[in-house]
Amino acid sequence: SKEWTLDELVARGDKVYHTTCVACHQAEGQGLPPMFPALKGSPIATGPAADHLHRVFFGKPGTAMAAFGKQLSEVDIAAVVTYERNAWGNNKGDMVTPKDVLALKQAQGK
């Protein structure tokens, strides 16, 4: 029910990223291609926020990208997506909120 600011989500997302995502996508978002693609400047991290959220929530079948929808809280998913969209020069200036994540869960009936 908390109303999060962009700065709050980015700060929390930084922590989530460096705990959960850094091993594959690396500290500066450069990834380890081809197995773990870069997030810096990537079409996912700079494209539509809904697509980015979907990828983090559901993963990508047939690749190493795991689904985090059942592993992370709504707040942590929103925070890490927001962080990735605003780190390493991506600078989208937008945010995904925990309410967006909850709406995705409810739409999927989960």
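This is a short tour of the structure above, stop by stop.

Before you click, know that this is a predicted model, where local features need pLDDT of at least 70, side-chain atom pairs count only at pLDDT 80 or more, and totals for chains, interfaces and linings use all residues. Residues are numbered from 1 along each chain as its sequence is written, and side-chain values use heavy atoms, with hydrogens and water left out.

**Stop 1: two crossing helices**

Select residues 6-25, which form helix H1, and residues 74-85, which form helix H4. Helices here are DSSP runs (H or I, at least four residues), numbered from the N terminus. The two axes, which are lines fitted to C-alpha atoms over the stretch in contact, come within 7 Å and cross at roughly 95°. Angles are taken between N-to-C directions and run from 0 to 180 degrees. H1 and H4 therefore count as roughly perpendicular (the label for 65 to 115 degrees).

Now show the side chains where they touch; contact means heavy atoms within 4.5 Å. On H1, the residues include Leu6, Leu9, Val10 and Tyr17, and on H4 they include Val75, Ala79, Val80 and Tyr83. What kinds of residues make up the contact of H1 with H4? They divide into 11 nonpolar, 3 polar and 4 charged. In this scheme Ala, Val, Leu, Ile, Met, Phe, Trp, Tyr, Cys and Pro are nonpolar, Asp, Glu, Lys and Arg are charged, and the others, Gly among them, are polar.

**Stop 2: Tyr17**

Stay on H1 and pick Tyr17. Is Tyr17 buried or exposed? Its relative accessibility is 0%, so Tyr17 counts as buried (buried is under 20% relative accessible area, exposed over 50%, partly exposed in between, using a 1.4 Å probe and protein chains only). Leaving aside neighbours within four places in sequence, Tyr17 touches residues including Val22, Leu39, Val80, Tyr83 and Trp88. Try a distance too: the C-alpha atoms of Tyr17 and Ala79 are 8.8 Å apart, though 62 residues separate them along the chain.

**Stop 3: aromatic rings**

Keep Tyr17 and add Tyr83 and Trp88: ring pairs link these into a cluster. Rings of Phe, Tyr and Trp (its six-membered ring) pair if their centres lie within 6.5 Å; planes under 30 degrees apart are stacked, over 60 edge-to-face and the rest tilted. That rule gives 4 aromatic pairs. For Phe57 and Phe58, the ring centres are 4.8 Å apart and the planes sit at 70°, so this pair is edge-to-face. Phe57 is buried at 5% relative accessibility, whereas Phe58 is partly exposed at 23%.

Next, select Lys2 and Trp4. Lys2 lies over the face of Trp4, at 4.9 Å from the ring centre (NZ of Lys or CZ of Arg must be within 6 Å of the centre and within 35 degrees of the ring normal).

**Stop 4: the loops**

Head for the loop between H1 and helix H2 (43-46), where you will find Gly31. Gly31 is buried, with 6% relative accessible area. Beyond its neighbours within four places in sequence, Gly31 contacts Cys24, His25, Gln26, Phe36, Pro37 and Ala38.

Gln26 lies in this loop as well, and has a positive phi of about 70° although it is not a glycine. Pro34 is there too; the peptide bond leading to it from Pro33 is cis, with omega near 5°.

Finally, jump to Asn91 in the loop between H4 and helix H5 (98-107). Its phi is near 45°, a positive value in a residue other than glycine, and Asn91 counts as exposed at 57% relative accessibility.

Key: Angles under 35 degrees count as roughly parallel, over 145 as roughly antiparallel, 65 to 115 as roughly perpendicular and the rest as oblique.
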